[in-house]
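Here's a quick walk through this structure, from its overall layout down to a few cysteines. Have the model open as you read.

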Amino acid sequence: MSSRAAILSAVKAAQPSLKPLPALPVSNVSNDLTGLFSETLLGIGAQVHFVTDYDELIRIIGSSYDLGKRIIALNKVFAPIAEVEAVYTAPLTLADVELVILETNLAVAENGAVWITDDQLPARVLPFIAQHSAVIVRKEDIVANMHQAYEVIGDQVYGFGTFIAGPSKTADIEQSLVLGAHGPCSMLVFIL
Amino acid sequence: MTNTAYQSHAERATIFNEDEARVNWHDETLWWVRQKRDRAAHLIPEWESLRELASGIKDNVLSNLHDYLVSFEEQAIQNGVQVHWAADAAEHNAIVLSIVKRHGVNRMVKSKSMLTEECHLNAFLSEQGIEVIDTDLGERIVQLAEEPPSHIVLPCIHKKKEEIGDLFHEHLGTPAGNADPQFLTAAARLHLREKFLTRRVAITGVNFAVAETGEFVVCTNEGNADMGAHLADVHIACMGMEKIIPQRRHLGVFLRLLTRSATGQPITTYSSHFRKPRPGQELHIILVDNGRSRQLGRPDFRNSLKCIRCAACFNTCPVYRRSGGHSYHTAIAGPIGSILAPNLDMKEYADLPFASTLCGSCSNVCPVKIDIHDQLYKWRQVLVQEGHAPLVKKVAMAGMAFTLSLPSLYKIAGKAARWTLSHAPFAVNNKLNPWYKNREMPQVPASSFGEWYAKNRTKNK
């Protein structure tokens, strides 16, 4: 018998009689999620800017990062400061990226996470390999918690999707928090 | 992992306790993490109902695991993933080896996976001439020190920064004496970036696997799982088969609980959902049993399979905090490890369910409401019945049962004990008496309650 068949038959013999799947909580609509979202982001080491348009956002990026270094974005509006090619098939060529600019249409107030999928990524590795990251969030796309987030995601089809909450971090050395473990050392969140 | 001679939890804890200042530091560090967990949990008004919900979802999973596994496999294959089944650790390791060999590589990166620790994958691959670099910072540190992780979330929590500075000086060439966490982390970032960019195969663990969609979720703060997986040509995800959850929307429940329970963060920095390989990439999933179906068949112990590996029970445990992870001599230490390990090998891990005060704090913090302390107590009974109790305990228990069964002998024994404690305390206040270790012997009364009662009852008549 193959291991697959042996394991499945052992599991079938061992599992108890069927217990019902409990219902998930019904979500309530909350107010002022922008405030909670930005407060949470500050708590997890991100920086927050409230902006009114892309021009303002590009000005802030220009004053925060060296525009002479490699910057990648998907939205063509960033063409003056970034590469805006749609797709990179060779991830190893992205090792020198200084800043990746991402856009999301789902953010979560309770934990500061933003949801990014393949469609919003020129390459899967970009949000991890870049030295710094910036994310654009629209106020109306902020939900209260993870239950609501998965309601929005629903049965969305993606090959890869990720919640990103702040810059990469570690506290493995004596519980001292250090920003910039393997991924971005900083994360700018622009709330439009 | 070095294969040293067998030492029980108590023996290893005795060695750990020789350095009292270090024990206090270890204890306080973990208690601080526990307090962060409390603050995070208290910010969620519905925390308790969330735990109940998670436990209920896992009840459903365990009662329907067969169908969920079949569905997960079917979906994963449709997504272009290659699915493998491993009955035990040896088969798991052989599958990894065959994939690696097929690609003709002899080095790879691995992000945190307690399953591969359980299977001793690194040691196996290294014997086959294949180098594995652990990329989680804490795991890389213990790997350089040639030690196993001492904690499932904080692998090098037992190490002082000065020791890490020395290790990095020796292996990564950092300046001698520099023990600044910021500096050492930056050095590790450079060191490991080179590995990510040059290794063609990456292994990751799996936090949750969704039966409905065939996707799986990997949670890290550092981003090391994603760096490995998205840069490599081949991604191998290794998972214990109990990681299955029914539907994608259930992730909301578990992702709310996991990191708050683990470190007190609202969520890990990255919660990555892998559904299809990227174009040109190979994606493998290895589903591992290794004793899990046996545990599923034990009604008293099956709830241990609900575990989501947050380590809240470690951080709160008075015994773990004061004995250190290595005292448990198994991949998963702490209270949860002590109820998982005897299922893998009753004889080898017979000591672990006794490494507890049964205070119940582990069960109270568990995000999926596993009755950990009840299971510790139940394992003790199973282990004694199966003949795995230590000889000293067996003899002592038999002596006690014999004494208690004979009232006259009990009276004599009581008198002898009172005389010895008051006239010749040195006979029991010594190293030969294990009860005396870290305890004072009690003050002795002049007479037993029986004698006192007999005397006073007559007087009051």
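## Domains, sheet and cysteines

In chain B, the domain assignment gives domain 1 (44–290) and domain 2 (391–456); such bounds come from an automatic or database domain assignment. The centres of domain 1 of chain B and domain 2 of chain B, taken over C-alpha atoms, are 53 Å apart.

Before going further: this is a predicted model, where local features need pLDDT of at least 70, side-chain atom pairs count only at pLDDT 80 or more, and totals for chains, interfaces and linings use all residues. Residues are numbered from 1 along each chain as its sequence is written, chains are lettered from A and ligands numbered from 1 in the order in which they are written, and side-chain values use heavy atoms, with hydrogens and water left out.

Now the sheet. Chain B has an open sheet of six strands in the order β1-β10-β7-β4-β2-β3, with parallel pairing. Why do β1 (82–86) and β3 (131–134) of chain B each have one side without a neighbour in the sheet? Both stand at the edges with a single partner strand, so one side of each is left open in that way. On average, neighbouring strands of this sheet are turned by 25° against each other, direction ignored. Helices (H or I, at least four residues) and strands (E, at least two) are DSSP runs, numbered from the N terminus, and two strands pair if DSSP finds at least two bridges between them.

Strand β2 (residues 107–110) of chain B pairs with β3(B) in the parallel sense over four bridges, and Lys110(B) sits opposite Asp134(B) in β3(B).

Two helices meet these strands, with contact meaning heavy atoms within 4.5 Å. Helix α5 (residues 89–102) of chain B packs on the sheet, and the strands it touches include β1 and β10 (282–288) of chain B. Helix α11 (residues 224–231) of chain B lies across β2, β4 and β7 of chain B.

Helix α3 (residues 47–63) of chain B is mostly covered, with 13 of its 17 residues buried; buried means under 20% relative accessible area, exposed over 50%, partly exposed in between (1.4 Å probe, protein chains only).

Finally, the cysteines. With a disulfide taken as a pair of cysteine sulfur atoms within 2.5 Å, the count is zero over all chains.

| Cysteine | Closest cysteine sulfur | Relative accessible area |
|---|---|---|
| Cys238(B) | Cys119(B), 7.8 Å | 2%, buried |
| Cys307(B) | Cys313(B), 6.6 Å | 8%, buried |

For Cys238(B), that distance is too far for a bond.

Conventions:
Axes are lines fitted to C-alpha atoms, for helices over the stretch in contact, and angles run from 0 to 180 degrees between N-to-C directions.
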